[in-house]
Amino acid sequence: RLPSSTLMQVWQLSDIDGDGRLTRGELACALHLVSRVAQGLEVLSTLPPELVESCKAIEAGTFPPLRSAAPLQQEKLQQQQQQQQPPTVE
């Protein structure tokens, strides 16, 4: 359980537009910050610009969709197979 003071810091950082409410993007930002704190990292003093942009992109619906791990695993397997095949002579 996180202290109230830490949660207040997270809220204040995440409420990018300062309206006292969290949008979907701001909530995603808050969850990211809480996750960092849960991993033992300090609460940031300011949001890095890339995190602000990511939160705004989530809100706008322009954040790139996450790729499933299955295609990545398939791609890696194909690369490994290609490396193991001897070169062909034409």
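# A walk through a four-helix model

Start by selecting residues 49-60, helix H3. Its 12 residues reach 16 Å from the first C-alpha to the last, close to the 16 Å expected at 1.5 Å a residue. Keep in mind throughout that this is a predicted model.

**The whole chain**

Zoom out for a moment and colour by secondary structure. You will find four helices and zero strands, and reading along the sequence gives the pattern α-α-α-α. Now colour by accessibility: of the 90 residues in the protein, 18% are buried. If you display contacts between residues at least 6 apart in sequence, 45% of them join residues at least 24 apart.

**Back to H3**

Which residues of H3 are buried? Show Leu51, Val52, Cys55 and Ala57 as sticks, since these are the ones. Then add residues 24-38, helix H2, because that is what the buried residues of H3 pack against, with contact taken as heavy atoms within 4.5 Å. Step just past the end of H3 and you land on Gly61, which has a positive phi, near 75 degrees.

While you are on H3, pick Glu59, which is part of this helix. Glu59 counts as partly exposed, with a relative accessibility of 32%. Setting aside residues up to four places away in sequence, Glu59 touches Thr23, Arg24 and Gly25. Try a distance from Glu59 to Ala28 as well: the two are 31 residues apart in sequence, and their C-alpha atoms are 9.2 Å apart in space.

**The nonpolar core**

Next, select Val10, Leu13, Cys29, Ala30, Leu33, Leu47, Leu51, Val52 and Cys55 together. These nine residues form the largest nonpolar core. H1 (4-14), H2 and H3 each supply at least two residues of this core. As background, nonpolar side chains tend to be buried together in soluble globular proteins.

Centre the view on Leu33, which sits in helix H2. Is Leu33 buried or exposed? Its relative accessibility is 3%, and the cut-off for buried is under 20%, so Leu33 counts as buried. Beyond its neighbours within four places in sequence, Leu33 is in contact with Val10, Leu13, Ser14, Leu44, Leu47 and Leu51. One of these partners, Leu13, lies 20 residues away along the chain from Leu33, with 8.9 Å between their C-alpha atoms.

Now move across to Val10. Again leaving aside neighbours within four places in sequence, Val10 is in contact with Ala30, Leu33 and Val34.

**Where H1 meets H2**

Hide everything but H1 and H2, and look at how they pack. Two packed helices are described by the angle between their axes and the distance between the axes. Here the angle is about 145 degrees and the axes of H1 and H2 are 9 Å apart. The crossing of H1 and H2 is right-handed.

To see the contact itself, select Thr6, Leu7, Val10, Leu13 and Ser14 on H1, then Glu26, Cys29, Ala30, Leu33, Val34 and Val37 on H2. Colour this contact by residue class and you should see eight nonpolar, two polar and one charged residues.

Thr6 deserves a closer look. Thr6 is found in H1 and has a relative accessible area of 12%; with buried set at under 20%, Thr6 is therefore buried. Its contacts, not counting residues up to four places away in sequence, are with Val37 and Val43.

**A loop residue and a tryptophan**

From Thr6, look for Glu42. Their C-alpha atoms are 9.4 Å apart in space, although 36 residues separate Glu42 and Thr6 in sequence. Where does Glu42 sit? Glu42 is in the loop between H2 and H3. Its relative accessible area is 66%, and exposed means over 50%, so Glu42 is exposed.

Finish on Trp11, back in helix H1. Trp11 has a relative accessibility of 37%, which makes it partly exposed. Leaving aside neighbours within four places in sequence, show what Trp11 contacts: Gly20, Arg21 and Leu22. Of this group, Arg21 is 10 residues from Trp11 along the chain, and the C-alpha atoms of the pair are separated by 9.0 Å.

Terms used
Residues numbered from 1 in each chain as written. Predicted model: local features only at pLDDT ≥ 70, side-chain atom pairs only at ≥ 80, totals over all residues. Heavy atoms only, no water. Expected span 1.5 Å × (residues − 1). Buried < 20%, exposed > 50% of the residue type's maximum accessible area, 1.4 Å probe, protein only. Core = buried A, V, L, I, M, F, W, Y, C linked by side-chain atoms within 4.5 Å. Axes fitted to C-alpha atoms, helices over the stretch in contact; angles between N-to-C directions. Left-handed = near helix turned anticlockwise from the far one by under 90°. Nonpolar A, V, L, I, M, F, W, Y, C, P; charged D, E, K, R; others polar.
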